[in-house]
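Biologist: I should be grateful for a close look at how the interior of this model is packed. Please give one connected account, residue by residue where that helps.

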Amino acid sequence: MKKTFRARVGVAIATLSLISTAAVTAAGASATLNGDLTFSSSDAAASINPAMGGSSFDEPFFNAAIPEFMSAAAKVSGSNAPSSMSLYSPVGSSSGKKGAIAGTYAVGASDVPMGTVVNGTNLDSSLLTNADPAHTLNSYVQVPVVLGGVGMMYNLPSLTKKFGKYPVVLSSAVLAGVYDGAITKWNNPAICKLNPKIVNVKRNKKHKVIRSTCALPNLPVVPVYRADGSGTTFIFMDYLNQTQGASFKNLTTSAEVFPSTTFNQGEVPNSALGGQKNAGVAGDIEQTVGAIGYVEYSYILLQHTLPAALIVNAKGQRVALSQSSVAADAAAFSATPPGETAAGVVSNFSIVNGKNSGDYPIAGYSWAIVRQDWNGLGTVGGATASLNSEKLVAKFLDWTVQSGANGGQNVAKEQGYVPLPSYVVAVAQQQIGSMKYNAQPLGLS
């Protein structure tokens, strides 16, 4: 596998009360798929090109995984393998959901599962309103495909030059203050208190320290947020809501603003900058001294040169964003794996603010959203809605969640994500295994 593709490119979840004995969980998973890459001439896979798009959180993964999938399949199936799959379009989580519903995308990706209800609010209440009676949330399969962390990327060149070995430390209280406009300067006492090693020291002639002062610069803090509908925004606001709750307010009404996939429902400090997609936020931060913003880890690790802050976790530890610290956070939720209610709503998907030692607290999964049965749909993502095209998409998704030597989770790891925990892989395989054509199983193995 290659690592060079980047150049191209707790929440009060009301739905928990909806869980019934019919809910699908890892324990109830019946499908055990194996990433089969066998295609015969009758599958016509070489001529099928299903469009995919959605969350920019997923872009580094999908746009490395798609050509890798075709290459791996060609080694197994030769000219019968898929060979014309287009690259993924990073249009944002909200557009990914809309594309999956409209049939624009065969796979629409979002960091927030479709139909999520939080604090009594359905984030997608309008998406299915005008659909036919049979077109409901249960018409879709939602598959966890990647696990990643959200880093707080910042631009303080003078500080980085002098104190490069001491990344800035931030807490949820400070981040809430930055994003609701209460903290406006980098040398704010609350930030200085978290960074005792970033100090200017004055000594006397005997080299005894006579004064130390905070060395964080007297610069305006410029918070950068996602201006588009974003699952990355949801993960970040989920974290602020769980840790700060009512302390994180709408700027003009002092009303609780969570949940939303549009940051603060449009209420931001006057100094804030809005960026389109993860790449746009990262670009705004790089171009603005004093800026800070929330960005998926791979955009920091593989493409950009600015640092990410350490975040104080639930145990009071200063934790750096890394694959191991995100994995630790996910492991803290193994006893409550994601599942699907009888109504088709995904539950237990939030994994922010894990309570174990070493957890990086701003992390989440992203989900592939696919129509469960393609029979009679005409076209899906530009491809004829046939059994063959649905099987190709199902096989691709199955391969993406595999962690074997040639599985898609190795691509995820190379792109800065964390391989899916086994308990989440079980959920993903069950979901993929539930895909049907004309109400009949696809026959995946």
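**Packing of the interior**

Modeller: Val-91 has a relative accessibility of 28% and therefore counts as partly exposed. The model is a predicted one. Val-91 sits in the loop that runs between helix H1 (59-77) and helix H2 (93-102). Apart from residues up to four places away in sequence, Val-91 touches Gly-53, Gly-54, Gly-96, Tyr-105, Asp-228 and Lys-277. The C-alpha atom of Val-91 is separated by 9.0 Å from that of Gln-276, although the two residues are 185 residues apart along the chain.

Gly-53 leads on to Val-107, since Gly-53 is also among the contacts of that residue. Val-107 belongs to strand S2 (residues 107-110), and its relative accessibility of 0% is why it counts as buried. Neighbours within four places in sequence aside, Val-107 is in contact with Ala-51, Met-52, Gly-53, Ala-368, Ile-369, Val-370, Val-393 and Leu-397. A separation of 9.2 Å lies between the C-alpha atoms of Val-107 and Leu-397, which are 290 residues apart along the chain.

Val-393 and Leu-397 bring us to helix H10, where they are among the buried residues. Eleven of the 14 residues of H10 are buried, so this helix is largely enclosed by the rest of the structure. Besides Val-393 and Leu-397, the buried residues of H10 are Ser-389, Glu-390, Leu-392, Ala-394, Lys-395, Phe-396, Asp-398, Trp-399 and Thr-400. The length of H10 can be checked as well: at 1.5 Å a residue, its 14 residues (387-400) should span 20 Å, and the end C-alpha atoms are 20 Å apart, which agrees.

Leu-392 and Lys-395 also border an enclosed space, the second largest cavity. About 50 Å³ of space lies within it. Its lining further includes Phe-39, Asp-43, Ala-45, Ile-48, Asn-388 and Lys-391. By class, this lining has four nonpolar, one polar and three charged residues.

H10 is also one of the elements against which the buried residues of helix H12 pack; the others are S5, H9, strand S14 (339-340) and S16. H12 is mostly covered, with nine of its twelve residues buried: Tyr-423, Val-424, Val-425, Val-427, Ala-428, Gln-429, Gln-430, Gln-431 and Ile-432. From its first C-alpha to its last, H12 reaches 16 Å, close to the 16 Å expected at 1.5 Å a residue.

Helix H9 (residues 323-331) presents another arrangement. Its buried residues are Ser-325, Val-326, Asp-329 and Ala-330. They cover an arc of only 145 degrees around the axis, which puts them on the same side of H9. An α-helix has 3.6 residues a turn, so residues three or four places apart point the same way. The cover over the buried residues of H9 includes strand S5 (140-154), strand S13 (318-319), strand S16 (363-371) and helix H12 (422-433).

S16 takes us to the largest cavity, to whose lining it gives the most, with four residues. Helix H6 (231-244) and S16 each supply at least two residues of that lining. The volume of the largest cavity is about 60 Å³. Its lining consists of Asp-111, Phe-234, Ile-235, Asp-238, Phe-349, Ser-350, Ile-351, Val-352, Ala-363, Gly-364, Tyr-365 and Trp-367. Of these, eight are nonpolar, two polar and two charged.

Asn-353 is in the loop between strand S15 (346-347) and S16. The phi angle of Asn-353 is near 60 degrees, a positive value in a residue other than glycine. Asn-353 counts as buried because its relative accessibility is 10%. Ala-439, likewise not a glycine, has a positive phi near 70 degrees; this residue is found in the loop between strand S19 (436-437) and strand S20 (440-441).

A last contact set concerns Ser-172, which is placed in helix H4 (residues 172-179). With a relative accessible area of 11%, Ser-172 is buried. Neighbours within four places in sequence aside, Ser-172 is in contact with Tyr-239, Leu-240, Thr-243 and Gln-244.

Key:
Residues numbered from 1 in each chain as written. Predicted model: local features only at pLDDT ≥ 70, side-chain atom pairs only at ≥ 80, totals over all residues. Heavy atoms only, no water. Expected span 1.5 Å × (residues − 1). Buried < 20%, exposed > 50% of the residue type's maximum accessible area, 1.4 Å probe, protein only. Arc of directions from axis to C-beta. Contact = heavy atoms within 4.5 Å. 1 Å grid on protein atoms, 1.4 Å probe; cavity = no way out; pocket = protein on both sides within 12 Å on 5 of 7 lines; lining within 4 Å. Points joined across faces, edges and corners; volume = space filled by probe spheres on them. Nonpolar A, V, L, I, M, F, W, Y, C, P; charged D, E, K, R; others polar.
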